[in-house]
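Colleague: I've got a protein model open and I'd like to learn how to read it. Could you walk me through a few features?

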Amino acid sequence: MPDPRTHLNLAHFVARTACEGPGWRAALWVQGCPIHCPGCINPHTWAFEDREWVSVADLAARILAVADIEGVTFLGGEPFSQAAALAALGERLRAAGLSVMTFTGYTYEQLKAANNADWEALLAVTDLLADGPFIQSRYTDQLPWLGSDNQRLILLTPRYAPLAHTFTAKRANSLEVRILPDGQLFVNGFAYKGALGALLRALRAHHLTPTAGTEES
Ligand code: SF4
């Protein structure tokens, strides 16, 4: 296994998306999540199994070569399970002027109380944190990028302070569907309740095998 301090085990990577945070962004989903929220739309990312190992240096170069993005979003899986490598990646990207948004199933308070140096390092390079587990009974379609109303968007730097007033505003959710080189479909973004399931069923009915990297919200 590659050194997890300098390499990331990726479940998915999208070079440019408008569905995973403010503006156009690169997005990466890490493999492995210990939290196992009932109703999680990404259970295929739970297992701590080898997927695509990529060095931080190679991934930084790949992201910095993408035109017209303002930042990168880390999703999972659980980003804090690969905090050291994501912190190193975030540091390189922020030095180049990109912003960092990080999703986590932990609360901010849990992350701080753990007193974990790698978790602190990832928090230190994160501009915007989306925190908390997905709780089915608190499902909402009212909050941008979030799936349940216990989750929060927390400014860890002033970078997105001008957008803070939009974090509690109802917004039109959006989905992106990509055809991958191997013919598979990759769906990401945020769908109204039931819409994503209907889309996936329709695709499967046409013998297409979509992989979801999305939150159903
Ligand atoms: S919603 Fe996020 S934190 Fe919860 S099980 Fe799914 S990937 Fe893990």
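Modeller: Sure, we'll go through a sheet, a helix and a loop residue, and keep in mind that this is a predicted model.

Colleague: Let's start with the sheet. In what order do the strands of the open sheet run?

Modeller: In general, strands of a sheet pair through backbone hydrogen bonds, either parallel or antiparallel. Here seven strands line up as β3-β1-β2-β4-β5-β6-β7, with mixed pairing. The edges are β3 (52-55) and β7, each pairing on one side only. On average, neighbouring strands are turned by 30 degrees against each other, direction ignored. For one pair, take β5 and β6: they run parallel, joined over three bridges. Phe103 has its bridge partner, Ala130, in β6.

Colleague: Now the helix. Which residues of α4 are buried?

Modeller: An α-helix has 3.6 residues a turn, so residues three or four places apart point the same way. In α4 (residues 117-124), Trp119, Leu122 and Leu123 are buried. They sit on the same side of α4, because they cover an arc of only 100 degrees around the axis. That buried set packs against several elements, including α2 (83-95) and β5 (99-103). Exposed Ala117 and Ala124 are on the face turned away from the buried side.

Colleague: And the loop residue: where is Thr166?

Modeller: Look in the loop between β7 (152-155) and β8 (175-179). Thr166 counts as partly exposed because its relative accessibility is 30%, between the cut-offs of 20% for buried and 50% for exposed. A polar atom of the Thr166 side chain lies 2.6 Å from the backbone oxygen of Leu163.

Technical notes: Residues numbered from 1 in each chain as written. Predicted model: local features only at pLDDT ≥ 70, side-chain atom pairs only at ≥ 80, totals over all residues. Heavy atoms only, no water. Helix = DSSP H or I, 4+ residues; strand = E, 2+ residues; numbered from the N terminus. Buried < 20%, exposed > 50% of the residue type's maximum accessible area, 1.4 Å probe, protein only. Polar contact = N/O pair within 3.5 Å; in protein donor to acceptor, adjacent residues only side chain to side chain. Arc of directions from axis to C-beta. Contact = heavy atoms within 4.5 Å. Pairing = 2+ DSSP bridges. Axes fitted to C-alpha atoms, helices over the stretch in contact; angles between N-to-C directions.
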